[in-house]
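Visitor: Please choose one part of this structure and take me through it slowly, beginning with a single residue and working outwards to its surroundings.

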Amino acid sequence: MQFSKPTILIVDDSPTNRRIYARLSRNLDIEVQVRSFANPKGMIDWLADNSADLIITDYKMPFMTGDKLVAHVRSHDPNIPIIVVTAYDDRTYRVACLEAGATDFLLSPVDHVEFVTRVRNLLKLRAQQQMTAHRAEMLEQRLAANFDPREQSVLDSREALAQVINTVPAMISAADRAGNCIFVNALQAAAVGATPEDLVGRPVEMLFGWERGASSRRLDQLVLETGQAGPTREEDVVTEAGDTRVYLTSKKPLRDGKGDTIAVLTTSVDITERRNAEKRLEHMASHDPLTGLPNRALLRDRIQREFARGRRGDQLFALHFIDLDRFKAINDSQGHARGDKLLRNIADMLNEEVDEEDTVARVGGDEFAILQSNITGPDDASRLAGTIIGRLNDGGLCADALNVGASIGITMAPQDAQDAEELMKTSDQAMYAAKLAGGNMWRFFAAEMGTRSGLAANLERDLRNAIARQEFVLHYQPQFDLRSGAVIGAEALLRWARPSGGLVYPSHFLSLAEETGLILPINEWVIDEVCRQIAIWEQQGFAGLRIGLNLSSVQFRRRSIAQIVASAISKAGIKPQSLDLELTEGILLRDIDDIIPQLKVLRGLGVTLSLDDFGTGYSSLSYMQRFPLDRLKIDRSFIQGLADNKNDLAIVRTIIDLGHILNLRVLAEGVETDAQLSLLKEEGCDEAQGFLLSQALPPDTFLGELAWRQAQASFFCSKRNAR
């Protein structure tokens, strides 16, 4: 039988993704045919008259989601491998696809090495399945041709059959009605350190071992009695070396010329690599990639398990919700690499302080949780919280790091909550109580704290006062042209100069501001203040700077953003092109038909538009072409591993190429090392900002930085002219 080149089908409404996946597929060490489809319907129509060996599909697409597509394919072909690519980290989507019959998953943006490895392995498995089925059919035909009803001779041409079936990359054997081996291929025999000749005529227990052999004999008996193939099953087999291998085993009846079942063919394919890949995927779905700790989803599962255990006895447990007090200041002042190292050290420290049965989880950027099991009462919980705060203030977690401190909320179960969601909510409320009391302390949840809405009401009140008292300030992080080295602009970053707590970063209050609508007056102030600052700098001789600021989706829903921007520009008397408005992918994709007209009005004013944190959302070239953008900002998550991870480099290169294809400038955020900067220059990135170049600065300090850099540029220019 001649097997044609494997066919890979790619289904994705993003032309960029289809192009990347197709290129990676053609870079395999085997020759393949690749067909791409922009929507599921096109693939389904094609598949009706054709066959494929692997399907790679996005989850979120027009007309049909990934799980629905998988279910449709499975109703026609239960064996073809299907990889679902998803940007969603919620396991609900993965479970839906698994239930529909998905074979494997990849997270978007895909890791190129992981993509190639998984595609190659699944194609090999597909080829083994096809070859095994073909060889089994040949064996059955030969058995029927050689069957002698007078002598009950099942296999007269054993050597000829062995030559055929030994080419199959699977372990194959056949056993008669008495449970004795009538055929064993070379790969199966080698697995037990024997030759096929040694095993023919021997009981199957000599081939599989006594325990597995007894199970195989029982399953063979079912096939012999029913004349039907047995269900394919996975087997965990411990080798003589102590390793565990996983086999996908199937059993099929072998019939004589009369159609009677005379033997059972057993085929086992080694799928250990696939099982290990699934375990890695499961670990990725339930653990934080930076620290290796359980994530929020796994923590929730373990809390539910503790509740189940508690219902069988009088067991107490506690949940500690830990929010680091000064992490963001350390992260901003010392760089994200140092911040990541500090988070890993904190994770290690927390694991050192808990008992073996406890769970330490990372549930947010600077948030951890501890599920403290099997305690005798609140004293155990308070001792642990006190120890943790002490360790976070001893200065030994990271060289040159400030004492980070923490606010810890503690909830006791089962008295404070009856399920995981309620327990996590009440511990979060207790943590906010500790933070509002000044931080660097722990608090137990108490009924008088009320619901989270009560705490939110306090924060909302403080935010309203902050707006009235003008407690907000802006810092400016310079942006540099990578060809000339000149400062060409800056990003305005909001800070709350809270009288009781120093500078507060937006992550602590922006979500509530959006929920309550306070984001509208805050953003109006930001727009007015940026325009006012631009006018001041222009009067001081620093014209031509482009200052960027972030917009909120709430402003677009109110359809008021164009009027607000136009008013601020007019009031300050600045050139519109000095203002750069930054939008996230979430804003753009929320309601495209409503957003695009508003963007066109903004562009008509003369301002520029940038797409912020590019690559972290549901990016689509077809969508991007519809938006009047001027600039792409590469998210810092891709820049962090740029010098060490060739996959990050490939992603950054693709984003830069994509931006230039669309005639957009490309800016890299979060540049922290010389190696990152050098690679960005080599790849043709236009602009950059980050800790290596400059941290965010108050307006007066920013002006000094700008003046110094202009002086440096003038000095070098005059030196060149003197030559």
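Guide: Thr 266 has a relative accessibility of 5%, which is under the 20% limit, and therefore counts as buried. The model is a predicted one, and what follows should be read with that in mind. Thr 266 belongs to strand β10, which covers residues 261-270. Its side chain makes a polar contact of 2.7 Å with the side chain of Lys 251. Leaving aside residues up to four places away in sequence, Thr 266 touches Met 171, Ile 172 and Ser 173, and also Phe 208, Asp 220, Thr 249, Ser 250 and Lys 251.

Ser 173, one of these contacts, leads from Thr 266 into the neighbouring strand, since Ser 173 is the residue that stands opposite Thr 266 in the pairing with β10. The two strands, β6 and β10, run antiparallel and are joined by six bridges. Ser 173 also stands opposite Val 184 in β7, and here the pairing of β6 with β7 (residues 181-184) is again antiparallel, with three bridges. Between β6 and β7 there are four residues, the two strands forming a hairpin, and in its turn Gly 179 has a positive phi of about 85°. Strand β6 itself, residues 171-176, is largely enclosed by the rest of the structure, because five of its six residues are buried.

These strands are part of an open sheet of five, with antiparallel pairing, in which the order is β7-β6-β10-β9-β8. At its edges are β7 and β8 (233-238), each of which pairs on one side only, and from one strand to the next the twist averages 30°. At the β8 edge, six bridges connect β8 with β9 (residues 244-255), again in an antiparallel arrangement, and within that pairing Glu 234 has Leu 248 in β9 as its bridge partner. Helix α10, residues 210-226, packs on this sheet and touches β6, β8, β9 and β10, its direction making about 130° with that of β10. Helix α11 packs on the sheet too, touching β8, β9 and β10, with its direction at about 130° to that of β9.

Helix α11 deserves a closer look. It has 15 residues, 272-286, and at 1.5 Å a residue should therefore span 21 Å, which agrees with the 21 Å between its end C-alpha atoms. Its buried residues are Thr 272, Arg 275, Ala 277, Leu 281, Ala 285 and Ser 286. In reading such a list it helps to recall that an α-helix has 3.6 residues a turn, so residues three or four places apart point the same way.

For contrast, another sheet in the chain also has five strands and is open, but its pairing is parallel and its order is β2-β1-β3-β4-β5. In that sheet β2 (33-37) and β5 (104-107) are the edge strands, and because each has a single partner strand, one side of each is left without a neighbour in the sheet. Its neighbouring strands are turned against each other by 20° on average, direction ignored. Within it, β1 (residues 7-11) and β3 (residues 54-58) run parallel and are joined by four bridges, with Ile 10 paired to Ile 56 in β3. Helix α3, residues 66-74, lies across β1, β3 and β4 (82-86) and runs at about 170° to β4.

Further along the chain, strands β14 (residues 406-413) and β15 (residues 441-444) are parallel and share four bridges. The chain passes from β14 to β15 by way of helix α16, residues 420-436, in a β-α-β crossover that is left-handed. In the loop between β14 and α16 is Pro 414, and the peptide bond from Ala 413 to Pro 414 is cis, with omega near 15°. On the other side of the helix, Asn 440 is in the loop between α16 and β15; its phi is near 55°, positive although the residue is not glycine. Asn 440 counts as partly exposed, because its relative accessibility is 31%.

As for the setting of all these parts, the chain contains 28 helices and 24 strands, and 51% of its 723 residues are buried, Thr 266 being one of the buried residues.

How values were computed:
Residues are numbered from 1 along each chain as its sequence is written. This is a predicted model: local features need pLDDT of at least 70, side-chain atom pairs count only at pLDDT 80 or more; totals for chains, interfaces and linings use all residues. Side-chain values use heavy atoms; hydrogens and water are left out. Two strands pair if DSSP finds at least two bridges between them. A crossover is right-handed if, with the strands pointing away from the viewer, the path from the first strand over the helix to the second runs clockwise. Buried means under 20% relative accessible area, exposed over 50%, partly exposed in between (1.4 Å probe, protein chains only). A polar contact is a pair of N or O atoms within 3.5 Å; within protein, one must be able to donate a hydrogen and the other to accept it, and residues adjacent in sequence count only if both atoms are side-chain atoms. Contact means heavy atoms within 4.5 Å. The expected span of a helix is 1.5 Å times one less than its number of residues. Axes are lines fitted to C-alpha atoms, for helices over the stretch in contact, and angles run from 0 to 180 degrees between N-to-C directions.
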